[in-house]
Amino acid sequence: MKFIKRVIKWLAILVVAIIALLYIFDYDYILRGARIVYFTGHKTVFIDDYPYFENDTIKKGNNISPWPLHKNYNTVESTEKLNAFNEKLGTVAYLIIKNDSIYYEWYAPDYSDASKTNSFSMAKSITTALLGKAIMQGHIKSLDQPISDFYPQYSYAKTTVGDLASMSSGLDWVEHYSSPFSVTARANYDNNLAKAILNQKVVETPGESFEYLSGNTELLGMIIQKATGQPLAEYLSENFWKPMGAAQDALWQLDGKEHRLAKTFCCISSNARDFARFGKLYKDHGKWQGQQLLDSAYVAKSIRPRFKESPEYGYGWWLRKHEDKNFFMMLGHHSQLVMVEPEDNVIIVRLGQRTSDDEGTTHFTKDQDVYIEEAYKMLGHD
C-alpha cells in the first residue's frame, strides 16, 4: 500500500511538473487541446467542436432564400456503395444539387439541414471570397498589394495578398496535423493566434510555387480585418450570408475571449445547404439573384490554376479533374466537401466525421471518388 501511495505521489508530482513546463515554455495551448479533444472522448479534431470555443455569430438576414427542391427530390434511392461509405466514414450530410435545385438530400440521425458542423479548411475558400469583396470595395488595392502595407514587419519580403490566397507566400510554416507541438496545432488552440502567425517568417521566394499552408489564410484573414475595420464574421454576414439568403446563423471560431481573432484557416460552423451557396455563387460567376456580389474576373481567376506545375489549386479553391469531369472544390479536413461541376450544373456536398485512410498522403482522397461517382449514378436515373 505504501508503494502504491508513493507511485501516486510521484505521478502527481510529474504531472504538475509537466503542466508547469508547458506554461513556462508557452505550450499551454496543448492542455486546452487535450481538454477539448481527449477529455470529450475523441482522438482527433471533430466536427461538433464549436461549443468548446469562443465564437462570433455570422448573422443571417430577414430575407431567406431557400433552395428550390428538384421535381424529383429524393425520389431516387442512394446506392449501396454510397450508403456503405456514409456509414463507415461517419457522413452526417450528403446533398446533390442539380440545376440549382436540391435533387437528393440525406442526413444522419441527430443531424438536419439546420445542424452546425465545422467546415475545417472549407473556410479558406470563404476567406478568399472576403478578399475578393475587399478588393471590389477598394479596401485592398488588388491581389498584388504587398502584405507589408498592412504588417510592416514583412517589409523585407515581397509577399502579396494574392500569394497568401494562392498558397505561395514563402512562409516557414510547417503544415503538420498530428504533432501537438506543431504550429498548426498551436493555431487551433492558442489564445493569441495573431502572435503565433506574426512569428512566421518569409523564408522562400514568394509567388513562384504552390505550398499548402494554413498560416497563409490566417494571415490573409488578419489583413482583411485590418483593411475593412470590421470583425470578419460581421463582414461575411453583411457581404455574403445576408445577400445570399442563408437560412441559418453560422458561427466562426475565435482564438479566445481576449483577442477575438477569427480562425480563417478553418472553423466556420454551418450546415450543408448554406455551405453550398458558395459553390453556386462561384458557379454563377459571382452573381446571386441578379446581384454581382463578387467581380466575375476575380471568380474566374480563383477557380483556375495559378501555377502550371500545380493544377490542383487556384486562389482559395481546389481544382480536380475526375474522369471527364472538372470540379472546383471547397475542401476541409475529414472530407468536408462542396464540389462543383459547372458544365453539368451539379453541386455535391458532403459533411462528416472521418475520411478514407489516404488522407494526409494526397489532396484528393479515395472517398471523394465515391461521392462523385455515386452522385452521377443517382443523377443518371433522372
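User: Which atoms must come within 4 Å in a salt bridge?
Analyst: Happy to start there, and please keep in mind that this is a predicted model. Side chains of opposite charge can pair when their charged atoms come close. A salt bridge counts here when, within 4 Å of each other, there are a carboxyl oxygen of Asp or Glu and a side-chain nitrogen of Lys or Arg.

User: How many salt bridges does this rule give?
Analyst: The cut-off for the N to O distance is 4 Å. With that rule, the number of salt bridges is 15.

User: Which residue forms a salt bridge with D113, and why does the pair tie together parts of the chain that are far apart in sequence?
Analyst: D113 sits in the loop between β3 and β4, while its partner belongs to helix α10, so the pair ties together parts 160 residues apart in sequence. The closest N and O atoms are 3.8 Å apart, which is within the 4 Å limit. D113 is partly exposed at 31% relative accessibility. The partner is R273.

User: Is R273 buried or exposed?
Analyst: Buried means under 20% relative accessible area. R273 has a value of 18%, so this residue is buried.

User: What is the N to O distance between K325 and D344?
Analyst: K325 lies in strand β10 and D344 in the loop between β11 and β12, 19 residues apart. Both residues are buried. Their side chains meet in a salt bridge with an N to O distance of 2.9 Å.

User: Which residues are linked in a network of salt bridges?
Analyst: One pair to look at is K280 with D284, whose closest N and O atoms are 2.8 Å apart. K280 is buried at 14%, whereas D284 is partly exposed at 23%. The linked residues are D100, K280, K283 and D284.

Notes
Residues are numbered from 1 along each chain as its sequence is written. This is a predicted model: local features need pLDDT of at least 70, side-chain atom pairs count only at pLDDT 80 or more; totals for chains, interfaces and linings use all residues. Side-chain values use heavy atoms; hydrogens and water are left out. Helices (H or I, at least four residues) and strands (E, at least two) are DSSP runs, numbered from the N terminus. Buried means under 20% relative accessible area, exposed over 50%, partly exposed in between (1.4 Å probe, protein chains only).
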